[in-house]
Amino acid sequence: MVLFCTVTSCSKDTDVIVEETPEDYTIDLNLANETDWEMANEILDLVNQHRVSQGLTPLKRDQQYASAYAVDHTFYMIDLEEINHDHFDVRKKGLKDRGAKIVGENVAFGYPTAEEVVNAWINSPGHLANIEGNFTHSGFGVIEAPDGRVYFTQLFYKK
């Protein structure tokens, strides 16, 4: 069996505005409950182990806005059956409106375990830049699609 996995990242310095952000955009905080928190917590533990090994402070889990935005984006990617950073400006603005100074995002799909997705991100310069970035918090959208593949959105921000 061959499993083809693709990952991509978006750093805080590469914003591509896809569309105008509606001024009244709101997010349902209940979306944060849709993430697979068992796997998300494993990802956060692995990311924080790496950060500490590099002399960086651990990230705090955001189970509110960042995770709601991440879940919303993960469902969007599942609907399209592809990973992307479409509408990153909306997620970034939403977090900045709530006090974030900088925002970054990693996405992926097809990795069956937290260890595999984190290893892939650590071995990718763009993803690693976010993992080791000047961030304080992280939110997660970790959702299994109907076809069994797991899609991931990890949002990073600094308060």
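**Exercise 1. Classify the packing of α1 against α4.**

Task: Describe how helix α1 (residues 37-53) and helix α4 (residues 114-122) pack in this predicted model.

Solution.
Step 1. Start with the axes. Those of α1 and α4 come within 9 Å and cross at roughly 40°.
Step 2. Assign the class. Angles under 35 degrees count as roughly parallel, and 65 to 115 as roughly perpendicular. The two helices are therefore oblique to each other.
Step 3. Add the hand. The crossing of α1 past α4 is right-handed.
Step 4. List the contact residues. From α1 come M39, E42, I43, L46, V47 and H50. From α4 come A114, E115, V117, V118, W121 and I122.
Step 5. Sort them by class. The contact has 9 nonpolar, 1 polar and 2 charged residues.

**Exercise 2. Check the length of α1 and find its cover.**

Task: Compare the expected span of α1 with the distance between its end C-alpha atoms. Then say which residues of α1 are buried and which elements cover them.

Solution.
Step 1. Take 1.5 Å a residue. The 17 residues of α1 should then span 24 Å.
Step 2. Compare. The end C-alpha atoms are 24 Å apart, which agrees.
Step 3. Pick out the buried residues, using the cut-off of under 20% relative accessible area. In α1 they are W37, M39, A40, I43, L44, V47, N48, H50 and R51.
Step 4. Look at the cover. It includes β2 (60-61), α2, α4, α5 (125-131), β4 and β5.

**Exercise 3. Repeat the analysis for α2, then pack it on α3.**

Task: Test the length of helix α2 (residues 65-80), list its buried residues, and classify its packing with α3.

Solution.
Step 1. Test the length. At 1.5 Å a residue, the 16 residues of α2 should span 22 Å. The end C-alpha atoms are 23 Å apart, which agrees.
Step 2. List the buried residues. They are A66, S67, A68, Y69, A70, V71, H73, T74, M77 and I78.
Step 3. Find what covers them. The cover includes α1, α3 (88-96), β3 (102-109), β4 (137-144) and β5 (150-158).
Step 4. Measure against α3 by angle and distance. The angle between α2 and α3 is about 170°, and their axes are 10 Å apart.
Step 5. Assign the class. An angle over 145 degrees counts as roughly antiparallel, so α2 and α3 are roughly antiparallel to each other.
Step 6. Name the contact. α2 gives Y65, A66, Y69 and H73, while α3 gives R91, G94 and L95. By class, that is 4 nonpolar, 2 polar and 1 charged residues.

**Exercise 4. Inspect the backbone between α2 and α3.**

Task: Which residues in the loop between α2 and α3 have a positive phi without being glycine, E81 and H87 being the ones to check?

Solution.
Step 1. Recall the rule. Most residues other than glycine have a negative phi.
Step 2. Check E81. This residue comes just after α2, and its phi is positive, about 60°. E81 belongs to the loop between α2 and α3.
Step 3. Check H87. Its phi is near 65°, again a positive value in a residue that is not glycine. H87 is placed in the loop between α2 and α3.
Step 4. Add the exposure of E81. Its relative accessible area is 59%, so E81 is exposed.

**Exercise 5. Follow two residues to partners far along the chain.**

Task: Is H137 buried or exposed? What does H137 touch, and what does K96 touch?

Solution.
Step 1. Locate H137. It sits in strand β4. With a relative accessible area of 15%, H137 is buried.
Step 2. List its contacts beyond four places in sequence. They are L59, K60, L155, F156, Y157 and K159.
Step 3. Take one distance. H137 and K159 are 22 residues apart in sequence, and their C-alpha atoms are 7.4 Å apart.
Step 4. Turn to K96 in helix α3. Its relative accessible area is 36%, so K96 is partly exposed.
Step 5. List its contacts beyond four places. K96 touches K101, I102 and V103.
Step 6. Take one distance. K96 and Y157 are 61 residues apart along the chain, with C-alpha atoms separated by 8.8 Å.

**Exercise 6. Summarise the chain.**

Task: How many helices and strands does the chain have, and in what pattern do they follow?

Solution.
Step 1. Count. There are 5 helices and 5 strands.
Step 2. Read along the sequence. The pattern is β-α-β-α-α-β-α-α-β-β.
Step 3. Add burial. Of the 159 residues, 47% count as buried.
Step 4. Add contact range. Among contacts between residues at least 6 apart in sequence, 75% join residues at least 24 apart.

Technical notes. Residues numbered from 1 in each chain as written. Predicted model: local features only at pLDDT ≥ 70, side-chain atom pairs only at ≥ 80, totals over all residues. Heavy atoms only, no water. Axes fitted to C-alpha atoms, helices over the stretch in contact; angles between N-to-C directions. Helix = DSSP H or I, 4+ residues; strand = E, 2+ residues; numbered from the N terminus. Left-handed = near helix turned anticlockwise from the far one by under 90°. Contact = heavy atoms within 4.5 Å. Nonpolar A, V, L, I, M, F, W, Y, C, P; charged D, E, K, R; others polar. Expected span 1.5 Å × (residues − 1). Buried < 20%, exposed > 50% of the residue type's maximum accessible area, 1.4 Å probe, protein only.
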